[in-house]
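Visitor: Hey, got a minute to walk me through this one? I'd like to poke around it with you.
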Amino acid sequence: EGGSAADVSDLNEITGIDGGAGIMAATERAIEAYDLDLPLQVSSGAAMTEALANAIANEEAIVVTGWTPHWKFGTYDLKYLDDPEGIYGDAENIHTFTREGLEDDAPEANMVLDNFYWTEDDMNEVMVAIQDGTDPEEAAADWVDGHSDVVSEWTDGVDQVNGESVSLAYVSWDSEIASTNVVKTVLESIGYEVEISPMESAYMWTAIAEGEQDAMVAGWLPLTHEAFYEDYKDQIVDLGVNFEGAKTGLVVPEYMDIDSIEDLKS
Ligand code: PBE
C-alpha cells in the first residue's frame with residue numbers, strides 16, 4: 001500500500017557521528033558502492049543516539065551509522081542492514097596501543113594495559129549505567145568493584161606505584177568512554193595519577209605516535225581504523241586485543257521494512 005509512517009522514501013539523510021570516525025569513511029564508501037542518494041550527516045555519537053530516540057518515539061524512518069558494543073541495542077529494537085558488498089567488513093577487534101617507550105617508563109601501567117581484556121556484557125554494564133545517568137567515573141568504579149575477579153587478572157603480579165602519571169587518549173564514543181574510564185580506575189587502584197583526554201579520532205592516533213599521550217584502548221581493527229593504523233603502525237606499540245567481536249554498519253529500527261543497504265536506494 002505504501003506510505004507507512006517509516007517508509008524509506010521519508011529518509012533524507014544517513015545520521016552519522018563525528019567526522020573522524022572510521023565508520024564515517026566506511027559510510028562514504030557505502031554511499032558510492034550502493035549508489036545511494038542519501039547524504040551522510042556529520043554529528044556526534046550523542047546527537048546520533050538522540051536522533052534515534054526521537055525517531056523511534058514517533059515511529060519515523062531513520063538510518064544511523066551504528067556499532068556494537070553499544071547500549072542502543074539493549075534499549076531499542078534495532079537491526080543492522082545487510083551489507084552484500086562487504087563495505088563494513090567482518091567482525092572487528094578493539095586493540096590497546098601505547099606510545100613507544102611506555103613499557104620502560106611505566107612498566108606497571110604497561111602490564112595492566114597489556115592485560116586489559118573484557119567482554120560485551122562487561123562493557124554493556126558500564127555503558128548502560130552511564131546512559132542511565134551515572135557519571136562515567138562512578139559507573140567505571142562500580143563495575144570495577146563488582147568484578148574484582150576480572151580486574152585481579154589485569155593487575156596480577158603488578159606492583160603498586162607512587163603517584164606517577166599516565167595519560168590516556170580517547171574519543172567520546174559511548175563504548176570508548178566506558179573502556180577508558182574503567183582502565184583509568186584500575187590504573188588509579190595501583191597508584192597512578194591518570195588523566196584521560198577526549199579528542200578527535202585522528203588526534204588520538206597522532207598523540208600516541210608522537211608520544212604526547214601514553215596509551216589508548218580504542219583502536220578498531222582490521223578495518224575501521226585501518227588508515228590510521230597504516231600511517232602510524234611503526235611509531236606505536238600494539239598491546240593486542242582488549243575486546244573481540246565488535247561490529248559496525250548501518251542500523252535501522254526493526255519497524256522499518258528493509259533488510260539491506262541496497263534497499264536504501266530510492
Ligand atoms: N566507532 C566506535 C568508531 C570506533 C569505535 C565505530 C564509532 C569509529 O567508527 O571510528
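Visitor: Which residues are the closest to the ligand, and how many surround the ligand altogether?
Guide: Bear in mind that this is a predicted model. In it, 13 residues surround the ligand, and the closest are A21, G22, I23, W67 and W173.
Visitor: Which helices supply at least two residues of that shell?
Guide: That would be α1 (22–33) and α9 (174–189).
Visitor: And how do the shell residues divide into nonpolar, polar and charged?
Guide: Six are nonpolar, six are polar and one is charged.
Visitor: Okay, domains. What does the domain assignment give?
Guide: Domain 1 covers 8–90 + 248–264, and domain 2 covers 92–246. Their C-alpha centres lie 27 Å apart.
Visitor: How many residues does each domain put into the contact?
Guide: Domain 1 puts in 14 residues and domain 2 puts in 20. On the domain 1 side, the elements giving two or more residues are α1 and β3 (64–68). That side of domain 1 has five nonpolar residues, eight polar ones and one charged.
Visitor: Back to the ligand for a sec: where does its shell come from, in domain terms?
Guide: From each of domain 1 and domain 2, the shell draws at least three residues.
Visitor: Now the nonpolar core. Which members of the largest one touch the most others?
Guide: V126 and M216 do, in a core of 77 residues. Strand β9 (residues 236–253) gives the largest share of this core, seven residues.
Visitor: Why does this core lie between the domains?
Guide: Because domain 1 and domain 2 both give residues to it. As a general point, nonpolar side chains tend to be buried together in soluble globular proteins.
Visitor: What is V126 in contact with, leaving aside its neighbours within four places in sequence?
Guide: V126 is in contact with A139, A140, W143, A178 and V182.
Visitor: Switching again: where is Y117 found?
Guide: Y117 sits in the loop between α5 (107–115) and α6 (120–131).
Visitor: Why is Y117 classed as partly exposed?
Guide: Y117 has 16 other C-beta atoms within 10 Å. Buried would take 20 or more and exposed would take 12 or fewer, so that count falls in between.
Visitor: Last one: what separation do the C-alpha atoms of Y117 and V151 have?
Guide: Those two C-alpha atoms are separated by 9.3 Å, with Y117 and V151 being 34 residues apart along the chain.

Methods: Residues numbered from 1 in each chain as written. Predicted model: local features only at pLDDT ≥ 70, side-chain atom pairs only at ≥ 80, totals over all residues. Near = placed C-beta within 6 Å. Helix = DSSP H or I, 4+ residues; strand = E, 2+ residues; numbered from the N terminus. Nonpolar A, V, L, I, M, F, W, Y, C, P; charged D, E, K, R; others polar. Domains from an automatic or database assignment. Contact = placed C-beta atoms within 7 Å. Core = buried A, V, L, I, M, F, W, Y, C linked by C-beta atoms within 7 Å.
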